[in-house]
Amino acid sequence: MIFLLVTFILLVFLGVALLIYMRKIANENNVKYEIFYFPNFPSSIREITLFFISDIHRRTVDDTIINEAINVAEIVIIGGDLLEKGVKLEKTRENLRKLKKIGPVYFVWGNNDYEIDRDVLETLLKEEDIILLDNKAISFQSDKGESWSLIGIEDYSLEHDDLEKALEQTNANDFKLLVSHNPKIIEKMNEVEQIPLILSGHTHGGQIRIFGFGPYELGGAKVIENTTVFVSNGYGTTSIPLRLGAKPETHIISIKHKQNDE
């Protein structure tokens, strides 16, 4: 009887310790550095550096992350799920104002962003001078006339995406960077569209992985056909504020014309 009681107490203790550990991981503030080389990136621009954050959900962006990205990244891209139902707008406003300290902020819809009134969120974005990429593209041009396009589409899983419409706003020779909250957008693409790089989130890297296994793959980059798909583990969590085996992350991403462009 005593043995069973001791075993039970030990299991409870280990369970509580594991939960505390998982909560601690979920609240980490990690900045990962990524470099991608593309020969078709405009040689006259040579390089762009951006700060990418996805799946903020209920978290408040920590100042340490902002301070690390300031004077390093030129622009900020929010890859969807800026918030979710129940998050106060003032908290979201605070996050946006922090991110604006880094540079101009571009926002792409995620599935959880639709949980609040669309007009309310769009009003907030407008008030804070956030550039909304809702099936839209923006081109950046060098002095020599070369350009690259930042393309943002609405959420794939809810079928609000319109990649064709967004691509119509780009030039044929543009280097194309596509931001889609859901990485499954790759299933709608073909070689004709020539999109070298996709940035996504949504999966949280599985969020809770048991012995290395989870409902989704860990975040990272992989090449599918001629497209590099980069998926972030994301910064926040779903309704369960715990992580295991899939640390939260934000990213400082450099895109260069070629490897010897140092």
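1. How many helices and strands does the protein chain have? Going through this predicted model, I get five helices and twelve strands. The points below start with the chain as a whole, then go to the pocket, and then to single residues you may want to click on.

2. Overall dimensions. The chain has 262 residues, and for that length a compact globule would come out with a radius of gyration near 18 Å; the value here is 20 Å, which agrees. If you prefer a box, the C-alpha atoms fill one of roughly 80 × 40 × 35 Å along the principal axes.

3. Inside and outside. Buried residues account for 52% of the 262 in the chain. As for the surface, about 13,300 Å² is exposed, and 55% of that comes from carbon and sulfur atoms.

4. Who touches whom. Take the contacts in the chain with a separation of 6 or more: 74% of them join residues that sit 24 or more positions apart. Val31 and Thr170, further down, give you some contacts to look at on screen.

5. The largest pocket. Its volume is about 340 Å³. There are 17 lining residues, and the ones closest to the pocket centre are Pro183, Thr203, Glu217, Lys222 and Val231. Two elements give two or more residues to the lining: strand 10 (220–224) and strand 11 (227–231).

6. More on that lining. Which strand gives the most to it? That would be strand 10, with four residues. By type, the lining residues of the largest pocket split into eight nonpolar, five polar and four charged.

7. Asn135, an odd backbone angle. This residue isn't a glycine, yet its phi is positive, at about 60°. You'll find Asn135 in the loop that links strand 5 (131–132) to strand 6 (136–141). Is Asn135 buried or exposed? With a relative accessible area of 6%, Asn135 is buried, since the cut-off for that class is under 20%.

8. Phe211, another one to check. Here too phi is positive in a residue that is not a glycine, this time at about 50°. Phe211 sits in the loop between strand 9 (197–200) and strand 10. Its relative accessible area is 80%, so Phe211 is exposed. Put the two residues side by side: Asn135 is buried, whereas Phe211 is exposed.

9. Val31 and its contacts. Val31 belongs to strand 1 (residues 31–37) and is buried, at 17% relative accessible area. What does Val31 touch, once residues up to four places away in sequence are set aside? The list is Ile65, Glu68, Thr250 and Ile252. Ile153 is another matter: 122 residues from Val31 along the chain, with 25 Å between the two C-alpha atoms.

10. Thr170, buried in a loop. Where is Thr170? Look in the loop between helix 5 (163–167) and strand 8 (175–179). Thr170 has 12% relative accessibility and therefore counts as buried. Apart from its neighbours within four places in sequence, Thr170 is in contact with Ala137, Ser149, Ile151 and Lys176. Lys136 lies 34 residues from Thr170 in sequence, and the C-alpha to C-alpha distance is 9.1 Å.

11. Thr123 on helix 4. Thr123 is part of helix 4 (residues 118–127). Its relative accessibility is 41%, so Thr123 counts as partly exposed. Ile252, which came up above as a contact of Val31, is 129 residues from Thr123 in sequence and 28 Å away in space, C-alpha to C-alpha.

12. Leu14 on helix 1. Helix 1 (residues 2–26) is where Leu14 is found. At 46% relative accessibility, Leu14 is classed as partly exposed. Between Leu14 and Ile210 there are 16 Å in space, C-alpha to C-alpha, for a sequence separation of 196 residues.

How values were computed
Residues numbered from 1 in each chain as written. Predicted model: local features only at pLDDT ≥ 70, side-chain atom pairs only at ≥ 80, totals over all residues. Heavy atoms only, no water. 1 Å grid on protein atoms, 1.4 Å probe; cavity = no way out; pocket = protein on both sides within 12 Å on 5 of 7 lines; lining within 4 Å. Points joined across faces, edges and corners; volume = space filled by probe spheres on them. Nonpolar A, V, L, I, M, F, W, Y, C, P; charged D, E, K, R; others polar. Rg over C-alpha atoms; globule rule 2.2 N^0.38 Å. Buried < 20%, exposed > 50% of the residue type's maximum accessible area, 1.4 Å probe, protein only. Contact = heavy atoms within 4.5 Å. Areas by Shrake-Rupley, 256 points an atom, 1.4 Å probe, with all protein chains shown as cover.
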